[in-house]
Amino acid sequence: MQQISFYDKQPDEGDTEAELLSGLIARNKRIAPKFFYDERGSELFLEITRQPEYYPTRTEMKLLGETSSHLRSLIGDDSVLIEYGSGSSEKIRLLLNSLKPKVYVPLDISREYLAKAAEKIAMEFPWLEVRATCIDYTQDLDLPFSTDGRRVGFFPGSSIGNFSPEEAERFLGRVRRQVGDDGALVIGVDMKKDRDTLERAYNDRAGVTAAFNLNVLAHLNREYGADFDVTGFDHLAEYNADEGCIQMFLVAKEDQSVSFASTQISVEAGERIHTENSHKYSAEEFVSMAERAAFEGTEVWQDDNGWFSLFYFQAKAA
Ligand SMILES: C[S@@+](CC[C@H](N)C(=O)[O-])C[C@H]1O[C@@H](n2cnc3c(N)ncnc32)[C@H](O)[C@@H]1O
């Protein structure tokens, strides 16, 4: 029999609107990447992962498939697996049969998509207790229920790269507190590599990443009553070597005046709205960061090109 519960901890709409407005009236306009993900954005992300240029997903899935039995020996039985930004929950499927956790806790900001993905997992794995929680993990990690069993965080997709290195270290520290002294973390991280490979991955020929980037404006129109002319922007993704990250922007093709939260916002032709950073690391840089956040006992697996790494970290006792 299916065992599924759904918890809604979405942030207050007023706070979200204030956060969006402060980014849109800033000198360098920005919209945080979490706003990509309404139901349409989550569908587009899944389509990105199927593009030939987007190497991270297939590389990470291969690593997960190859390491699942080793992960089982590290994690043990009856764990509580907490996935940050679970999306379609495709990757956890590769681990569930071998890890046999007691509870799976998918956390995601995209409520409807999360509910559907969690329902599918609960149907496919009827022995598993699924506790789906809609939450903004940049603001809140408190689970609205208690759990017994060893807590193991799962953070695939190199979503850690959306944080600056300082924010990423703080986030790892929060995860460490959430999993506790006997907890662990399995995390997938995109590695530094040549500019061409990186830029190709974020500029696929089918234009899916462009559609995903532009959907953030459509999302603001649909959910928050903005009136962006979505066709008046172009997608731009480029590698910033100084920052060590891919940066995505929407570039206005012409002047626009946009109404949002009772405010008129001017966007000039050529002006950029920054929508995402995706930081790349070396394995050594990432291990040092995790150690500063009180993890240890590292295991790391990489593909033959050294493009992507999967890490297992154990909590360092406080
Ligand atoms: C890049 S996708 C990765 C999806 C999946 N984990 C994978 O590896 O393919 C990021 C996921 O995190 C979710 N997400 C993004 N920002 C979030 C936030 N602040 N809080 C909770 N979920 C978030 C998105 O809805 C999306 O499902």
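**Figure 1. Surroundings of Y7 in strand 1 of the predicted model.** In this predicted model, Y7 touches R131, A132, T133, C134, P144 and F145, when residues up to four places away in sequence are not counted. Y7 itself belongs to strand 1, which covers residues 3–8. Among these neighbours, R131 is also a polar partner, since its side chain and the side chain of Y7 make a polar contact at 2.7 Å. The view also takes in L143, which is separated from Y7 by 136 residues in sequence, although the two C-alpha atoms are 9.0 Å apart in space.

**Figure 2. The ligand and the residues around it.** The ligand is surrounded by 17 residues, and the closest of them are G85, K91, D108, D136 and Y137. The side chain of D108 places an N or O atom 2.5 Å from an oxygen atom of the ligand. The backbone takes part as well: a polar backbone atom of G87 is 3.3 Å from an oxygen atom of the ligand, while a nitrogen atom of the ligand has a backbone N or O atom of I135 at 3.4 Å.

**Figure 3. Contact of helix 2 with helix 5.** Helix 2, made up of residues 39–48, packs on helix 5, made up of residues 111–124, with the axes 7 Å apart and at an angle of about 60°. At that angle, which is under the 65 degrees where roughly perpendicular begins, helix 2 is oblique to helix 5. From helix 2, the residues E39, S42, E43 and L46 meet E112, Y113 and K116 of helix 5. Sorted by class, this contact of helix 2 with helix 5 holds four charged residues, two nonpolar residues and one polar residue.

**Figure 4. Contact of helix 6 with helix 9.** The axes of helix 6 (residues 165–179) and helix 9 (residues 283–292) cross at roughly 50° and come within 8 Å, and the two helices are therefore oblique to each other. The crossing in which helix 6 passes helix 9 is right-handed. On the side of helix 6 the contact is made by P165, A168, E169 and L172, which meet F286, M289, A290 and R292 in helix 9. Six nonpolar and two charged residues make up the contact of helix 6 with helix 9, and no polar residue is present in it.

**Figure 5. Contact of helix 1 with helix 8.** Helix 1 (residues 13–24) and helix 8 (residues 208–224) have axes that come within 13 Å and cross at roughly 140°. Because roughly antiparallel applies to angles over 145 degrees, helix 1 and helix 8 are classed as oblique to each other. Helix 1 passes helix 8 in a crossing that is left-handed. The residues E13, T16, L20 and L24 of helix 1 meet L220, E223 and Y224 of helix 8. By class, four nonpolar residues, two charged residues and one polar residue form the contact of helix 1 with helix 8.

**Figure 6. Surroundings of E199 in helix 7.** E199 is part of helix 7, which spans residues 195–201. Leaving aside residues up to four places away in sequence, E199 touches E238, Y239 and I246. With Y239 the approach involves polar atoms, as a polar atom of the E199 side chain lies 2.7 Å from the backbone nitrogen of Y239.

Conventions:
Residues are numbered from 1 along each chain as its sequence is written. This is a predicted model: local features need pLDDT of at least 70, side-chain atom pairs count only at pLDDT 80 or more; totals for chains, interfaces and linings use all residues. Side-chain values use heavy atoms; hydrogens and water are left out. Axes are lines fitted to C-alpha atoms, for helices over the stretch in contact, and angles run from 0 to 180 degrees between N-to-C directions. Helices (H or I, at least four residues) and strands (E, at least two) are DSSP runs, numbered from the N terminus. Angles under 35 degrees count as roughly parallel, over 145 as roughly antiparallel, 65 to 115 as roughly perpendicular and the rest as oblique. A crossing is left-handed if the near helix is turned anticlockwise from the far one by less than a right angle, and right-handed if clockwise. Contact means heavy atoms within 4.5 Å. Ala, Val, Leu, Ile, Met, Phe, Trp, Tyr, Cys and Pro count as nonpolar, Asp, Glu, Lys and Arg as charged, and the others, Gly among them, as polar. A residue is near a molecule or strand if one of its heavy atoms lies within 4 Å of it. A polar contact is a pair of N or O atoms within 3.5 Å; within protein, one must be able to donate a hydrogen and the other to accept it, and residues adjacent in sequence count only if both atoms are side-chain atoms.
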